[in-house]
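Visitor: I have a structure here and would like to understand the words people use for it. Could you walk me through it?

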Amino acid sequence: QVQLVESGGGLVQPGGSLRLSCVASGRDFRSYAMGWFRQAPGKEREFLAAITWSSASTYYADSVKGRFTISRDNAKNTVYLQMNSLKPEDTGVYYCAASNEMSVDAVAYWGQGTQVTVSS
């Protein structure tokens, strides 16, 4: 089992920034890549970004490329999502994921989610 706990969500104005954190624990979590997904109101959960533990390769959805940055601190078992130039359409619940396949139906472990609201 892998446990994931997100934090860092909140209310931010358009154009602002937030940094989300996800602390991982449990057996063998280092064997998984880590990622972030988002579920906007009335929409399906979507992939945003992913990072591998060993090689630090990163992957991004086109909708966030250039604005969001995923990173990890292995010593702290933590993955971050730095979000800049936020837009109202970035509003949603953000989920941390641990999995070797970053599609919604294949994710092995999910966090509980953290709400991000972008509004003036």
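Guide: Happily; here is a short tour in questions and answers. Please keep in mind that this is a predicted model.

Visitor: What makes up the protein, helices or strands?

Guide: The protein has 0 helices and 11 strands. Read from the N terminus, its elements run β-β-β-β-β-β-β-β-β-β-β.

Visitor: Why is the protein called as compact as a globular protein of its length?

Guide: Compare two values. The radius of gyration is 13 Å, and the globule rule gives 14 Å for 120 residues; these are close, so the protein is as compact as a globular protein of that length. Along the principal axes, the C-alpha atoms fill a box of roughly 40 × 30 × 25 Å. As for burial, 44% of the 120 residues count as buried.

Visitor: Why is Thr114 called buried?

Guide: Set its value against the cut-off. A residue counts as buried under 20% relative accessible area. Thr114 has 12%, so it is buried. Thr114 has its place in strand E11. Leaving aside neighbours within four places in sequence, its contacts include Glu6, Leu20, Val93 and Tyr94.

Visitor: How do you know that Lys76 is not a contact of Thr114?

Guide: The C-alpha atoms of Thr114 and Lys76 are separated by 20 Å, and the list of contacts of Thr114 beyond four places in sequence holds Glu6, Ser7, Gly8, Gly9, Leu20, Gly92, Val93 and Tyr94. Along the chain, Thr114 and Lys76 are 38 residues apart.

Visitor: What makes a group of residues a nonpolar core, and which residues touch the most other members here?

Guide: The members must be buried residues of nonpolar kinds such as Leu, Met or Phe, joined through side-chain atoms within 4.5 Å. The largest such core has 29 residues, and Leu4, Met34, Trp36, Phe68, Leu81, Met83 and Tyr94 touch the most other members. Eight strands, E1, E3, E4, E5, E7, E8, E9 and E11, each supply at least two residues of this core. The largest share, 4 residues, comes from E3. In soluble globular proteins, nonpolar side chains tend to be buried together.

Visitor: What does Phe68 touch?

Guide: Not counting residues up to four places away in sequence, Phe68 touches, among others, Arg38, Leu48, Tyr60, Leu81, Met83 and Tyr94. There is also a second, separate core of 6 residues, which includes Ala33, Ala50, Met102 and Val107.

Visitor: Why is E4 called largely enclosed?

Guide: Of the 7 residues of E4, 6 are buried, so the strand is largely enclosed by the rest of the structure.

Visitor: How do you know that E4 pairs with E9 and with E5?

Guide: Two strands pair if there are at least two bridges between them. E4 and E9 are joined by 7 bridges, and E4 and E5 by 5, so both cases meet the cut-off. E4 runs antiparallel to E9 and also to E5. For example, Phe37 has Tyr95 in E9 as its bridge partner, while Arg38 has Glu46 in E5. In the hairpin of E4 and E5, with 6 residues between the strands, Gly42 takes a positive phi near 75 degrees.

Visitor: What makes E1 and E7 edge strands?

Guide: They belong to an open sheet of 4 strands in the order E1-E3-E8-E7, with antiparallel pairing. E1 and E7 each pair on one side only, and that makes them the edge strands. On average, neighbouring strands of this sheet are turned by 20 degrees against each other, direction ignored. E7 is joined to E8 by 6 bridges, and Thr69 stands opposite Gln82 in E8.

Technical notes: Residues are numbered from 1 along each chain as its sequence is written. This is a predicted model: local features need pLDDT of at least 70, side-chain atom pairs count only at pLDDT 80 or more; totals for chains, interfaces and linings use all residues. Side-chain values use heavy atoms; hydrogens and water are left out. Buried means under 20% relative accessible area, exposed over 50%, partly exposed in between (1.4 Å probe, protein chains only). Contact means heavy atoms within 4.5 Å. Axes are lines fitted to C-alpha atoms, for helices over the stretch in contact, and angles run from 0 to 180 degrees between N-to-C directions. The radius of gyration is taken over C-alpha atoms; the globule rule is 2.2 Å times the number of residues to the power 0.38.
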